[in-house]
Amino acid sequence: MSTKSRKITISMPYAVLALIALCMMLTACDLHEESTLNTTKMRLEESSYAESFDVRTLDEKKMYQIVRHYEKHGDGPLQVTVSYDPQSRTSNAMHASDHAARIASYFRKKGLPHIESGIMPVVNSGSDMKVLIAFDSYVALGPAGCEAMGGTFDREEDLDNEYKLGCTRDMLFARQLARPSDLKGRNISPTTDGRRVANSTETYRTGIPNEPLVGESASGDE
C-alpha cells in the first residue's frame, strides 16, 4: 500500500467525525431570517364630517366645496338638518323646510346619491337659522408600523436597517387614492348568478349587433 493511500485511510475517521460535528452545529443554528418586505395592508380610517353654517351665508361656492369633499372622502348618506326657533315668526318650521329642500336639491343636482334632509326645533335660537351638514368620511393611510425611507416625506437620508420594503410605495399610493372608501370593497349580493352576468357579454364578444330598442305603448295601439 502506497504512502498516499495510507494517509487517506488514516485521515478518514477524522473526516467522518468532522462531518458529524458540522451537522450538529448546523442543526443547532437558527436559520430563520426575518423578511424585510412589508406584508401588511393599507389602512382605512373612518371619521365623521360635521359642520354647521349660517343659512344666510351658505352660498353656492361653499356648497360646491362640500360636494368636492364628499366626492373624495365621503360615503353613505349626506344629512342636511336646518334648525329653527319654534317661537319665531320669521324663522319658523316652514322657512326651515324651504331651506332644507333648497340645499338638498343642490346636492342632488351635483350627483350626490344619498341625501337626507330635515328640520330640528331649537328653543330660543332666535332668527338666525343654522344648517348642519354631516356624513361619514374616510382617509387612506399607509400600513400600520410603516415608516418612509430616508430621503422621502422630509426624512433625512440615512441607512435604516429596519426599513420594510414597500412601505413608501404604499404610503404614496394611499395619498393618491381618489376615493379612499373604495378600499372597503363592494357588497356583492348573495343571489347574484355569475353565469348570468357572464352571458351578458357573450353577444358583444361575438360581434353580433344588438337588437334595436323598441318602446312599448300603454294605450293598446297595434
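1. Accessible area here comes from the Shrake-Rupley method with a 1.4 Å probe. On that basis, the chain in this predicted model exposes about 17100 Å² of surface, and carbon and sulfur atoms hold 55% of that. Turning to what is tucked away, 23% of the 222 residues count as buried.

2. A word on confidence before you look at any details. The chain averages a pLDDT of 75, with 59% of its residues at 70 or more. Helix α3 (residues 93-109) does best, with a mean of 95, while helix α5 (residues 194-199) comes out lowest, with a mean of 55. Then there is the stretch over residues 213-222: its pLDDT is below 50, and the model gives it zero contacts beyond near neighbours in sequence.

3. Now the layout. You'll find six helices and four strands in the chain. Reading from the N terminus, the order is α-β-α-β-α-β-β-α-α-α. As for how the chain contacts itself, take the contacts with a separation of 6 or more: 80% of them are between residues 24 or more positions apart.

4. How many aromatic pairs are there? The count comes to three. One of them is Y49 with F135, a stacked pair whose ring centres sit 4.5 Å apart, with 20° between the planes. Y49 belongs to strand β1 (residues 43-54) and F135 to strand β4 (residues 130-141), so this pair ties together parts of the chain that are 86 residues apart in sequence. Y49 and F135 are both buried.

5. F135 has another ring partner, Y70. Is that pair stacked or edge-to-face? Y70 and F135 meet edge-to-face, at 5.0 Å centre to centre and with 80° between the planes. Here too the pair links distant parts of the chain, since Y70 sits in helix α2 (residues 60-73) and F135 in strand β4, 65 residues apart. Y70 is buried, as is F135.

6. Put those pairs together and you get a cluster: Y49, Y70 and F135 are linked through ring pairs. If you want one spot to open in the viewer, try F135, which stacks with Y49 and meets Y70 edge-to-face. From F135 in strand β4 you can trace one link to strand β1 and another to helix α2.

7. One last reminder on reading the model: go by the local confidence, which has its high point in helix α3 and its low point among the elements in helix α5. For residues 213-222, keep in mind the pLDDT below 50.

Technical notes. Residues are numbered from 1 along each chain as its sequence is written. This is a predicted model: local features need pLDDT of at least 70, side-chain atom pairs count only at pLDDT 80 or more; totals for chains, interfaces and linings use all residues. Side-chain values use heavy atoms; hydrogens and water are left out. pLDDT is the predictor's confidence in each residue, from 0 to 100. Helices (H or I, at least four residues) and strands (E, at least two) are DSSP runs, numbered from the N terminus. Contact means heavy atoms within 4.5 Å. Rings of Phe, Tyr and Trp (its six-membered ring) pair if their centres lie within 6.5 Å; planes under 30 degrees apart count as stacked, over 60 as edge-to-face and the rest as tilted. Buried means under 20% relative accessible area, exposed over 50%, partly exposed in between (1.4 Å probe, protein chains only).
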